[in-house]
Structure formats: C-alpha cells, structure tokens
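Biologist: Got a minute to walk me through this one? I'll jump around a bit.

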Amino acid sequence: MPEGTPVEVVRSLEATAREIRQEVIRMTFAAQSGHPGGSLSVTDLLTALVFHELKIDPARQDWPDRDRLVLSKGHASPALYAALALRGFLPREELASFRQLGSRLQGHVDRTKLPCIEASTGCLGQGIGMAVGMALDARLRRSSYRTYAVLGDGECQAGPTWEALMAGGHYKLANLVVILDRNGLETDGSTESIMGIEPIAEKFRAFRYHTLEIDGHDFPQILGALDEARRTTTGPTAIIARTVKGKGVSFMEGKHQYHGKPPNKAEAEQALSELARAPEAKP
Amino acid sequence: MNAVLGKPESLRDAYGKELLALGEKDPNLVVLDADLSGSTRTVLFGQKFPERFFNVGVMEPTMMSIAAGLALQGRTVYASTFAVFAAGQAYNFVRQSICYNQANVKIVATHGGLLVGADGGTHQIVEDIGLMRGLPGMTVIVPADAPTTRAATVAVAERPGPAYIRLTRENLPTVTDGSFAIGKAAELRSGSDLTIVAVGALVARGLEVAEELAKVGISTRVLDFASVKPYDAPALLRAARDTGAILVLEEHTVLTGVGALVASTTSENYPVPVRRVGVPDVFGESGEPWALLDRYGMSKERIRDEAWELLRARGKVQ
C-alpha cells in the first residue's frame with residue numbers, strides 16, 4: 001500500500017537510513033575492513049524492519065514473543081549494528097569497536113557476544129534454515145512472533161539456501177518472511193555473469209512462496225510488501241527487493257569492488273559528505 | 001571367552017526408546033531426522049509425538065540449521081542421521097549453526113565407522129570423532145553398548161549445549177553397567193601391567209584380549225573411554241603411572257581420534273609408550289562388518305600383537 005504510508009513516516013525512515021549509512025562508512029573506515037557495498041544495499045530494508053515492522057523492545061530483549069530477525073548475509077553486520085544502536089539496543093559509541101579485538105561487534109554477527117542478535121551467521125546458506133527453525137518454534141508454542149530472514153543474492157547460489165527455502169514452503173510457514181537483497185553483485189562481479197540465479201521470482205514461487213518484487217530503496221514499497229506478507233496466511237512470503245550495491249555513495253554504487261573493501265580516508269570523507277546531504281539536495 | 005561379555009543389543013533401539021521416554025518427560029523436546037528415521041529409530045518418537053517430529057528429508061546441512069533455530073528458542077533438540085551425513089555432509093552447519101551459536105542440539109549419529117558394512121567406504125565415516133571433538137563447546141560420546149547409549153542419551157539432555165553421540169549400526173554386547181557419566185572413563189577391568197583404552201565396538205574386543213592375557217599372567221586394565229570430550233584426563237594419567245603403557249582401540253582413523261588424544265595427553269603430562277589400533281589412513285570398502293574390522297587392522301590378533309609389543313617395550317616380557 002505505497003499510497004497509504006504517511007509521508008512523515010517515510011521521511012523519518014529515510015532520515016534514519018541516512019544516519020545508518022553514515023555509520024556503515026565510519027565503521028568500515030575505522031576498522032579498515034568489512035563489507036560496505038552489501039551493507040549499504042540492505043540498509044533501507046533493515047531500517048524498515050528495525051524501525052517499523054518488527055515487534056521488538058530494547059528494554060525487553062528476551063521478550064519471548066518478540067519478532068525474530070536473522071541476517072543470513074551476516075557480512076552486512078555494520079548496517080544491522082548501526083540500526084540496532086540507533087534503535088537503542090546498544091550504545092551508539094560501541095559502533096567504533098567494530099571488528100576490534102574484544103568487541104561484541106564481530107565481523108559477522110555473533111549472538112553469543114551481542115544478545116540482541118538472534119542468530120550468528122556469516123558462512124552463507126545457514127540463516128534461512130535457522131529462521132525456519134524459529135518459525136517452527138513459534139507455531140509449536142502458538143506464539144504470535146514472526147520471523148524475518150534477510151538473504152543475499154550471492155547466497156542464492158548455495159544449495160542449502162534452497163533446502164531451507166524448500167522446508168519453509170513445505171511447512172507452509174506463514175509466519176516466515178524471506179527478504180532478498182537483490183543487488184546483483186557478489187565478491188567477484190555480477191551474479192548473472194558468475195552463476196546466474198534468474199529467474200529468481202519464479203524460483204521462489206516454485207518453492208511455494210507468495211512472492212513480491214519491489215524497489216528495495218522505496219520505503220512505501222517496502223512497508224507495503226511487509227504489510228502484504230503479514231496478511232498472507234497460507235504460507236511464507238518472499239520479498240525480492242531490487243537494490244543497488246553501495247547505495248547512497250556515488251562512487252560505490254553498482255561496484256562489486258566495494259563488496260569487501262573499506263573506504264580509504266578521502267573516500268570516507270566524500271561518502272560521509274554525500275550521505276549528510278538532505279535528500280532534496282540530491283538530483 | 002565370552003564370559004566377560006553380555007548379550008548383543010541394538011544401540012539404535014536403545015537410543016530410540018530412551019528418546020521416546022525423554023519426550024514424554026519434556027514437552028519442549030523436539031526431534032529431527034533426515035529420511036532415515038527407521039534406521040536411526042527416531043521413528044519411535046515420531047509416531048508418538050508427530051507434532052514435535054520433523055523429518056526434513058535428504059537435507060542434512062539444513063537439518064542442523066533448523067535444529068539450531070529451534071534450540072535457540074529454549075528447546076532441547078535431537079537431530080539424527082547417519083554419521084557420514086551428520087559429521088561429514090553437514091560439518092560447517094554443525095560448526096556455525098550449532099556450535100558457534102552454542103545451540104542446545106544433540107546430534108545422535110548412527111552408522112559410524114566401518115561396521116556399516118556392505119554399503120561400503122562412501123558411507124563408512126572414520127573421521128567423525130576427530131571432526132566433532134575439534135569443535136569448541138562440543139560434547140562427544142562414543143558408547144560401547146546399549147546401557148551406555150541409554151545413559152548418554154539422557155546425560156546430554158541434562159548438559160546444556162551441543163553434543164555428538166556416535167552409535168554403531170551393529171548390535172554390540174553389553175560391557176558396562178550403564179553407569180555412564182560425561183567426563184568419566186569407566187574402568188571395566190583393573191590391571192597393572194598394561195592399560196587398554198577403547199571406545200565403541202572395540203571395547204568388547206579389548207576385554208576379550210585382556211582375558212586372554214590374564215591367562216598368561218598379564219594384568220590388563222581396560223578403560224571404556226565413551227566420554228571422548230570432555231575426557232577423563234585423571235584416569236588416563238593414573239593408567240599411565242600405574243601400568244606404564246597404553247594401547248588405544250578405536251574404529252576410527254588413527255590420525256585424529258582417541259589414540260591421538262591419548263598420545264598427546266600422556267606425552268604432555270606423563271609420557272609412556274602408546275600404541276594405536278584403528279583404521280590406517282584409508283577409506284573402507286564393502287564387506288561383512290566384523291570381517292572389515294579384521295581386514296583394516298582391528299582384529300583380536302592385531303590387538304594382541306600390539307599389546308605384546310608394548311609389554312616388550314616396557315621390559316615386562318622378553
């Protein structure tokens with residue numbers, strides 16, 4: 001329901017996403033490692049989840065009926081850490097410790113160090129399976145909590161991703177939403193030139209997912225799709241979110257080279273200045 | 001000779017029945033299997049508690065992830081399949097989804113080792129103990145008989161965190177009184193000239209050889225080392241001190257199994273001669289299960305020869 005989303009909600013989410021993107025740049029620059037490209041592509045999706053969709057409460061992190069978020073593409077950790085920090089789950093200053101010795105903010109998300117993380121991920125193809133387990137748990141205990149799994153597109157080349165998706169469809173897990181960050185690029189280049197995953201929407205439909213295709217940087221579309229997922233009661237929903245790797249930073253956009261490469265000082269400064277600009281000032 | 005051994009019993013049946021009993025006590029316990037529930041005997045649980053049983057089909061890696069997802073919500077989860085799939089096919093899923101997440105998943109893997117028999121080398125995993133004991137936080141248990149299997153099935157439920165229990169396809173004679181405890185070796189026979197440390201199917205052979213040695217005046221201690229991780233270092237070092245030589249028996253590659261564990265522990269703390277009887281650095285093949293043990297270096301004759309070798313090395317015999 002894009003037209004139904006109040007404009008102030010959209011403006012607020014956009015402002016939050018800009019702050020998160022700046023934190024992604026600061027974190028990967030400070031650590032001189034990490035994955036800026038895929039963090040920037042998934043930022044709007046995570047912002048919509050953490051600030052709008054998920055039933056979560058920083059004051060009750062172990063609330064049994066909280067919604068579960070599994071970041072299957074665990075390398076996009078900077079975006080998730082920043083979103084959770086801005087939402088009050090960890091001190092914002094702690095973001096500076098990203099990837100440092102002794103930090104709770106591991107290179108890939110780690111639940112044993114940072115309790116607001118639902119599942120440790122990093123090696124691809126495992127997050128969806130854990131999300132399926134969570135959704136089965138909710139069904140067994142008749143809990144209202146919903147499980148959201150955020151998947152990368154390179155990860156769709158991994159066989160176990162499809163095992164887990166098959167299980168979600170087989171068990172008709174209407175409380176499971178899979179969101180694909182379809183930025184089209186992986187470490188070495190474009191997914192379609194390396195090992196094509198298209199037609200991806202047809203694949204999800206064949207695996208029994210109610211499948212939606214959206215612009216993953218358009219908040220009304222993101223919120224509309226999440227709404228539709230909640231109204232879908234017959235089985236799981238897949239949201240294929242078309243995104244731009246490196247979104248919001250001109251020289252990173254569409255460049256696979258920034259999958260796992262941090263910005264240098266000049267790049268970080270330019271990125272932060274671009275991201276600090278009000279959206280109206282952008283072309 | 002068989003006087004020391006009890007009636008052969010199925011370890012898998014013992015597991016399946018104990019799991020059913022656990023399921024009756026704990027309504028939050030769930031069980032997963034990967035299309036082998038008849039063989040692993042989780043079918044018994046599945047028939048009684050269909051809502052809490054998930055047969056996920058042939059997707060062992062993802063079975064481990066789903067199990068972790070369920071366990072992270074506070075459940076005790078058992079996941080069963082053959083050892084080659086649990087420890088081999090699914091290794092990195094056991095590593096990240098279960099161990100790295102500290103998920104409360106109990107992997108009970110049947111059909112470990114060469115005793116798989118006719119199915120051949122593809123299915124006879126002899127590397128699983130090494131793979132699993134290398135994982136931080138993993139408890140590893142290799143029962144020698146049905147009573148230990150029953151006790152271990154319960155014991156891992158009472159100990160939070162990941163566990164791997166390796167079972168054998170073949171029925172095995174009862175050699176223990178079932179008083180298994182995690183972290184403890186069971187002294188099945190006392191002795192002062194030599195210690196046999198054994199796991200799984202080879203515990204019975206160790207006892208038989210010890211009985212033969214007794215007839216010629218050699219006193220052999222036999223330790224059932226079912227708790228591979230955590231392991232009973234004090235019992236091991238007592239054996240080293242008291243008997244001066246250790247012979248390890250395992251149906252597993254000698255490169256990474258219990259023999260490697262015993263050798264490293266003694267050499268760091270109380271060096272004594274250690275010899276390893278197990279699978280050399282090769283894959284198995286199809287054949288009658290017990291004939292495979294003989295063919296691949298774990299015959300009673302070989303165990304006896306290695307025992308004499310150690311006794312000679314210690315100057316206890318000419």
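Biologist: How many residues does the contact take from chain A and from chain B?
Modeller: First, a caveat: this is a predicted model. The contact takes 20 residues from chain A and 23 residues from chain B.

Biologist: Which elements give two or more residues to the side of chain A that touches chain B?
Modeller: Those are α4 (127–140) and α5 (159–170) of chain A. The biggest giver to that side is α4(A), with nine residues.

Biologist: And by class, what does the side of chain A that touches chain B have?
Modeller: That side has 11 nonpolar residues, six polar and three charged.

Biologist: Staying in chain A. How many residues of strand β2 are buried?
Modeller: Six of its six. Strand β2 (residues 147–152) of chain A is mostly covered. That holds for both faces of β2(A). On one side, A:Thr147, A:Ala149 and A:Leu151 are buried. On the other, A:Tyr148, A:Val150 and A:Gly152 are buried.

Biologist: Why two sets like that?
Modeller: In a regular strand, side chains alternate between the two faces of the sheet.

Biologist: Which strands run parallel to β2(A)?
Modeller: Strand β1 (residues 68–71) of chain A pairs with β2(A) in the parallel sense, over four bridges. Strand β3 (residues 176–182) of chain A also runs parallel to β2(A), joined by six bridges.

Biologist: Give me a residue pair for each. What is the bridge partner of A:Leu69 in β2(A)?
Modeller: A:Leu69 has A:Tyr148 as its bridge partner there. Towards β3(A), A:Gly152 is partnered by A:Asp181.

Biologist: Switching to chain B. What is the strand order in the open sheet of five strands?
Modeller: The order is β9-β11-β10-β13-β14 (chain B), and the pairing is mixed.

Biologist: Which strands stand at the edges?
Modeller: β9 (186–189) and β14 (274–279) of chain B. Each has a single partner strand, so one side of each is left without a neighbour in the sheet.

Biologist: By what angle are neighbouring strands of this sheet turned against each other?
Modeller: 25° on average, direction ignored.

Biologist: How many bridges join β10 to β13 in chain B?
Modeller: Four. They link strand β10 (residues 194–198) of chain B to strand β13 (residues 246–253) of chain B, and the two run parallel. As for residues, B:Ala198 stands opposite B:Leu249 in β13(B).

Biologist: Which strands does helix α9 of chain B lie across?
Modeller: Helix α9 (residues 202–215) of chain B lies across β9, β10, β11 (220–224) and β13 of chain B. The helix runs at about 170° to β11(B). Helix α13 (residues 300–313) of chain B packs on the sheet too, touching β10, β13 and β14 of chain B. The direction of α13 makes about 165° with that of β14(B).

Biologist: Where are the domain bounds in chain B?
Modeller: Domain 1 is 8–173 and domain 2 is 186–313. The C-alpha centres of these two domains of chain B lie 26 Å apart.

Biologist: How many residues of each domain of chain B are in contact with the other?
Modeller: 28 residues of domain 1 of chain B contact 28 residues of domain 2 of chain B. On the domain 1 side, α7 (128–133), β6 (139–141), α8 (146–158) and β8 (172–173) of chain B each supply at least two residues. The residues of that side divide into 14 nonpolar, nine polar and five charged.

Biologist: Any backbone oddities to check? Which peptide bond is cis in chain A, say?
Modeller: The one from A:Glu198 to A:Pro199, with omega near 0°. A:Pro199 is in the loop between α6 (191–195) and α7 (200–206) of chain A. In chain B, the bond from B:Lys229 to B:Pro230 is cis, with omega near -5°. B:Pro230 is in the loop between β12 (227–229) and α10 (233–243) of chain B.

Biologist: And phi? What value does A:Arg99 have?
Modeller: Near 70°, positive in a residue other than glycine. B:His111 has phi near 60°, also a positive value in a residue other than glycine.

Biologist: Is A:Arg99 buried or partly exposed? And B:His111, buried or exposed?
Modeller: A:Arg99 counts as partly exposed, because it has 19 C-beta neighbours inside 10 Å. B:His111 is buried, with 26 other C-beta atoms within 10 Å.

Conventions
Residues numbered from 1 in each chain as written. Chains lettered and ligands numbered in written order. Predicted model: local features only at pLDDT ≥ 70, side-chain atom pairs only at ≥ 80, totals over all residues. Contact = placed C-beta atoms within 7 Å. Nonpolar A, V, L, I, M, F, W, Y, C, P; charged D, E, K, R; others polar. Pairing = 2+ DSSP bridges. Axes fitted to C-alpha atoms, helices over the stretch in contact; angles between N-to-C directions. Domains from an automatic or database assignment. Buried ≥ 20, exposed ≤ 12 C-beta atoms within 10 Å, placed from the backbone.
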